[in-house]
Amino acid sequence: MTNTILKSSTHPLSAYINRLKSGQALLKDSPENVLEVVGILKSYGIVLDAYSQNLNYIAEHQFLEMFPFFKYFNGKISLGKLLKFWSHDRINYEYAEYCMRGMLWHGGGGLDTYLDSAEFKQLAKAAIDAKISGNLMLMPLNQLFPEFLPDMVRQQAYYSALGQFWRVMSDIFITLSDQYDQGQIKSIPEVVNHILSGLVAEANLPITFAVNIKGKPHDIIPKSVGLTFLTDTAVPYVEAIFFRGTPFSGTVSYNAQAQQIDPDQSQFTYGALYADPLPIGGAGIPPTLLMQDMRHFIPDYLLEFYQKTNRGTDNLRVKICATFQKSMFCVTTAAVLGLTPHPLDTENLEEQAENQAYFEGWMDRFLTSRLEFVNS
């Protein structure tokens, strides 16, 4: 126990451990931070609503489509929508797919385990056989490359899982904004508690996925598998998108000889909590698409706040990214507190030690993050 106490007192981020233990957040509490975080999460909630609808549409209605030219139209195609699409006056659903592929690539959680199981392979095969029956292109393709279509089904499962996850998060962020407008949310700890309560309330929400093929339903992720919202989508999402991420093309070399990218995915630090907001707006930087989407839904009070800062709204995407990063540290706080092994007010020394080790493990990962920057 003495060693644990000594270690915590010398940890570079021990102040943040003490914050968490006392019910505070990783982001310091101030009226400006509350305004920024709630405002950006309102915009983010609106965007996530659109992302969620499209991911679920692709999963359910573009299942094993080789050339889904109109997958971003949610089944409603018109000349007006085409013109808006071509002029880029639209939601950038590509970013949603970027996050989906990040989760698929990094894996983790029960969903990743299930997609390698014999049960999934059996269900996927039944759906594939039903889909390609009589299709003179897909039948020989499946025979030549027997793992190609099952991998597509795995990807469709992640479309659906992420869509279901974002559906919940969108509702949490929109209700947060509503409560702020009503004067019920006044501090960063209250923001965190609202998010944490939403996560806990939906923790055991079943994650399921089924598709309709030629009038017959086919389970891909049946309820009996037991996948749930918190452990099988929320936690892997935080790991894959907040922490690990993927290297941004153009900012680092993908040449193996340059050794700029760690070969160990578990050591990646390209996620939202590490990203430098300054490159946002540059070509090839995926979060640029998200910032572009959110700028359409910024509430007036946050836009006025930006206009009073240096450069006003000339660097709006950079400001949105910096604010968004603050909000993600609040979401991360909720996730960290929600997964704490024992109550924060426990008087059991062993449980205190386990909590201490748990928080130190997180702080070790935050050492190279932008935690200090968002609090400066």
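**Close-up views of a predicted model**

**View 1. Helix α9 against helix α11.** Where the two helices meet in this predicted model, Ala 161, Leu 162, Phe 165, Trp 166, Val 168 and Met 169 of α9 are in contact with Phe 229, Thr 233, Ala 234 and Tyr 237 of α11. Helix α9 covers residues 148–181, and its axis passes 10 Å from that of α11 at an angle of about 90 degrees. Because angles of 65 to 115 degrees count as roughly perpendicular, α9 is described as roughly perpendicular to α11.

**View 2. Helix α5 against helix α11, and the end of α11.** Helix α5 (residues 94–106) packs with helix α11 (residues 229–244) at an angle of about 100 degrees, the axes being 9 Å apart, and this angle makes α5 roughly perpendicular to α11. From α5, the residues Cys 99, Gly 102, Met 103 and His 106 take part, and they meet Thr 233, Pro 236, Tyr 237, Ala 240, Ile 241 and Arg 244 of α11. Thr 233 and Tyr 237 of α11 appear in this set, and Thr 233 and Tyr 237 are also listed among the residues of α11 that meet α9. Of the 16 residues of α11, 13 are buried, so this helix is largely enclosed by the rest of the structure. Just after α11 comes Gly 245, whose phi is positive, at about 65 degrees.

**View 3. The hairpin of strands β1 and β2.** Strand β1 (residues 209–213) and strand β2 (residues 216–221) run antiparallel and are joined by 5 bridges. Along this pairing, Ala 210 of β1 stands opposite Asp 219 of β2, while Asn 212 has Pro 217 in β2 as its bridge partner. These two residues of β1, Ala 210 and Asn 212, form the uncovered face of the strand, whereas Phe 209, Val 211 and Ile 213 form the covered face. Between the strands of the hairpin there are 2 residues, and Lys 214 adopts a positive phi near 55 degrees.

**View 4. Glu 36 and its surroundings.** Glu 36 belongs to helix α3, which spans residues 31–61. The relative accessibility of Glu 36 is 7%, and because buried means under 20%, Glu 36 counts as buried. Its side chain makes a polar contact of 3.0 Å with the side chain of Lys 326. Leaving out residues up to four places away in sequence, Glu 36 touches Lys 326 together with Leu 302, Phe 305, Tyr 306 and Thr 323.

**View 5. Asn 54 and its surroundings.** Helix α3 also contains Asn 54, which has a relative accessibility of 1% and therefore counts as buried. The side chains of Asn 54 and Asn 74 are joined by a polar contact of 2.8 Å. When residues up to four places away in sequence are set aside, Asn 54 touches Lys 71, Tyr 72, Phe 73, Asn 74 and Tyr 93.

**View 6. Met 328 in helix α14.** Met 328 lies in helix α14, which runs over residues 316–338, and with a relative accessibility of 1% this residue is buried. Apart from neighbours within four places in sequence, Met 328 is in contact with Leu 41, Tyr 44, Phe 242 and Leu 273. Ala 161, one of the residues of α9 that meet α11, is 167 residues from Met 328 in sequence and 20 Å from Met 328 in space, C-alpha to C-alpha.

**View 7. Thr 368 in a loop.** Thr 368 is found in the loop between helices α15 (349–366) and α16 (371–374). With a relative accessible area of 58%, Thr 368 is exposed. Not counting residues up to four places away in sequence, Thr 368 touches Thr 269 and Tyr 274. Thr 368 and Thr 269 are separated by 99 residues in sequence, and their C-alpha atoms are 8.2 Å apart in space.

**View 8. Confidence along the chain, with residues 1–8.** The mean pLDDT of the chain is 93, and 98% of its residues reach 70 or more. Over residues 1–8, however, the pLDDT is below 50, although this stretch has 10 contacts in the model beyond near neighbours in sequence. Where pLDDT is low, predicted coordinates should not be read in detail.

Key
Residues are numbered from 1 along each chain as its sequence is written. This is a predicted model: local features need pLDDT of at least 70, side-chain atom pairs count only at pLDDT 80 or more; totals for chains, interfaces and linings use all residues. Side-chain values use heavy atoms; hydrogens and water are left out. pLDDT is the predictor's confidence in each residue, from 0 to 100. Contact means heavy atoms within 4.5 Å. Two strands pair if DSSP finds at least two bridges between them. Helices (H or I, at least four residues) and strands (E, at least two) are DSSP runs, numbered from the N terminus. Buried means under 20% relative accessible area, exposed over 50%, partly exposed in between (1.4 Å probe, protein chains only). A polar contact is a pair of N or O atoms within 3.5 Å; within protein, one must be able to donate a hydrogen and the other to accept it, and residues adjacent in sequence count only if both atoms are side-chain atoms. Axes are lines fitted to C-alpha atoms, for helices over the stretch in contact, and angles run from 0 to 180 degrees between N-to-C directions. Angles under 35 degrees count as roughly parallel, over 145 as roughly antiparallel, 65 to 115 as roughly perpendicular and the rest as oblique.
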